[in-house]
Amino acid sequence: VSLLLSSILVAQTDESVIARIGNEVITAKEFKLRYELSPYIPSDKNIDPDSIKYDFLYSLIAEKLWAKDAEDLGITKTEKFAFLFKPLEEIFVRDALFKIEVDDKVLLSADDINRAIIKSQAKLVTQIVTSNDSSNVYNFYNHLNSSTNFDSLLSTSINLITKDVDILLGTLKDEEIEDSLYSLDVNEFTSPILSEVGWVILKIKNKIFTPIDLNDKQAIDNTKKIILDRRIEKRFREYLNELLAGITINIDPESFKLTFSKIWETIKSKFLVYDASKYFELSESDFNKIHSSLGLSNLKKQIFKLSEKEISIENFLSNLAFNGFSVTQLDSVIVLQKLIQRVKRYVEEQMITEEAYKRGLQLIPQVQNDLRIWKENYLAQIYFNHNLDSIRITDKEVYKYYLENLVNASNIQLINLRLISIKDLDEVSNIFELLKQGKDFGDIIKNYGRTDSLVNNDGETGLKPVLLLGYVGKVASDLKLNEVYGPIKRNDAYTIMQVTERQESNDSSKLSFDLVKDQLRNDLRFNKLNERLTR
């Protein structure tokens, strides 16, 4: 996201004011940034795009009003806000350094683009011979140079694994290896190469050419992006080596052990969440509990030292909460290994962050503007949760609501929903792309299964009263049959939905109060929250 922010902001220069909220303003530049970063499927495909933009503008105005109230309540001065916001601030500071040291130093020449276009038109049907033992591979290679029958020689060789792979532009991380491979003719092969999977020899079995239209700007841009992204990654690794070379950071074993024990203690009691992949995950409330149970003195303990700066357990925990932490198996060894990986990555990030702060990049206008925008967004979310947490509903109110809306209601609206709820925005984007291609939402959802507590293993709620589906039900009640809508942000995930069935019933006999009171309580809370926030 931070990289996307930079690329979008560079292209925007319109500072014209489109809304005023007291002394605050929303510029066209800020509106365009936020609008483009908000994935959205309209509830009506024929709706006027300007109408969508007006709706979004009003939500942005509301966000700024909520953020102002949050500041007036002193939320920005709380430890909780600092705990949540610090990792985001560091991302923008690191991103500014990335732009200077990586992005601005990677340039493509006309020759680079021409070579990429030539390669993009060829698919290489490649046979890969692999072994972890370099002597096996080199022995096979030496025999190849004196033999004309590749397959025959391969059949007599031992401890070699072979498979066919189609290689396209960008399939390989190493551009030099890719260049050498594309320079080969059919039936020619490479010398042994050390790769991530061991020692490999690659043989070209066939070349399939598919010409591209040089007037197709999208195709050319996609080709350029493959080369640019790979070179940016390479330059980033080079810069990290320059920055981190010769530096040793020691993790305090006692502090790390204490952090691990609290995380394992919490995560082992979690229930299994069924979504795209089965995993045990720490929620925001889990991190709040870990934070509280550690206590102030433990939170301030040093987990490692960077130059003269002490990095505390609380600093690391803040980063962990921001990025999320989950495992696919309830195993203490797996949790420990993943936590070791995360602390290593955090050390690397902190060294980059320190360099960015040394250069004063936190003070440049671009970073300050980014921080202002997303600080308001964070404050609005915290304000929303603050108001929700402060609303109390009595049992008497819930029972009255039950009688009015279920027992004594002349009819009860029932709907069946298909739901996907996922945290990964890349996956949300993938679903949008599939929908644009005309894929059926019902077929898409089969690949995800049960991703939400409201649905079964087929991703459906079954026919249920709208009241019992909470906020999702409220949104769905206004949708047309079979239309796809979303995403809506719920807790830590993004939900995309489709109404597949709608009925009315006056039979509430199966809906006992004890069975539905918790759902009704939540519905009442959100009703009161909406009334308060509207005021």
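Here, a residue counts as buried when its relative accessible area is under 20%. With 6% relative accessibility, aspartate 286 falls below that cut-off, so it counts as buried. Keep in mind that this is a predicted model.

**Around aspartate 286**

This aspartate is part of helix H11, which covers residues 284-299. Leaving aside residues up to four places away in sequence, aspartate 286 touches Thr266, Lys270 and Glu281.

**The chain as a whole**

Zooming out, the chain has 535 residues, and 43% of them count as buried. It contains 19 helices and 14 strands. Its C-alpha trace spans about 90 × 60 × 55 Å along the principal axes. The chain exposes about 29,800 Å², with carbon and sulfur atoms supplying 50% of that area. How much of the contact map joins residues at least 24 apart? Among contacts between residues at least 6 apart in sequence, the share is 72%.

**Helix H4 and its kink**

Helix H4 takes in residues 79-101, which makes 23 residues. At 1.5 Å a residue it should span 33 Å, and its end C-alpha atoms are indeed 33 Å apart, so the two values agree. There is still a bend to look for: a kink of about 35° lies at phenylalanine 85, shortly before proline 87.

**Salt bridges**

Side chains of opposite charge can pair when their charged atoms come close. A search of the whole structure turns up 37 salt bridges. Here are three pairs, with the distance between N and O atoms for each.

| Acidic residue | Basic residue | N to O distance |
|---|---|---|
| Glutamate 349 | Arginine 94 | 3.9 Å |
| Glutamate 178 | Arginine 230 | 2.7 Å |
| Glutamate 355 | Arginine 359 | 3.0 Å |

Take the pair of glutamate 349 and arginine 94, whose side chains meet in a salt bridge. It links distant parts of the chain: glutamate 349 belongs to helix H13 (residues 332-358) and arginine 94 to helix H4, 255 residues apart. Both glutamate 349 and arginine 94 are buried.

Next comes glutamate 178, which forms a salt bridge with arginine 230. Glutamate 178 lies in helix H8 (residues 175-182) and arginine 230 in helix H9 (residues 217-244), so this pair ties together parts that are 52 residues apart in sequence. Are these partners buried or exposed? Glutamate 178 is buried, and arginine 230 is too.

Arginine 359, which forms a salt bridge with glutamate 355, has a relative accessibility of 37% and therefore counts as partly exposed. Arginine 359 and Glu355 also belong to a network of salt bridges, together with Glu101, Lys105, Arg235, Glu238 and Glu242.

**A four-stranded sheet**

Strands of a sheet pair through backbone hydrogen bonds, either parallel or antiparallel. In this model, 4 strands make up an open sheet with antiparallel pairing, in the order S12-S11-S14-S13. Which strands stand at the edges? They are S12 (464-465) and S13 (484-490); each has a single partner strand, so one side of each is left without a neighbour in the sheet.

At the S12 end, strand S11 (residues 412-422) runs antiparallel to S12 and is joined to it by 2 bridges. If you want a spot to find by eye, leucine 414 stands opposite proline 465 in S12.

Key:
Residues numbered from 1 in each chain as written. Predicted model: local features only at pLDDT ≥ 70, side-chain atom pairs only at ≥ 80, totals over all residues. Heavy atoms only, no water. Buried < 20%, exposed > 50% of the residue type's maximum accessible area, 1.4 Å probe, protein only. Contact = heavy atoms within 4.5 Å. Pairing = 2+ DSSP bridges. Expected span 1.5 Å × (residues − 1). Bend = angle between axes of the 7 residues up to and from the residue. Areas by Shrake-Rupley, 256 points an atom, 1.4 Å probe, with all protein chains shown as cover. Salt bridge = Lys/Arg side-chain N within 4 Å of Asp/Glu carboxyl O.
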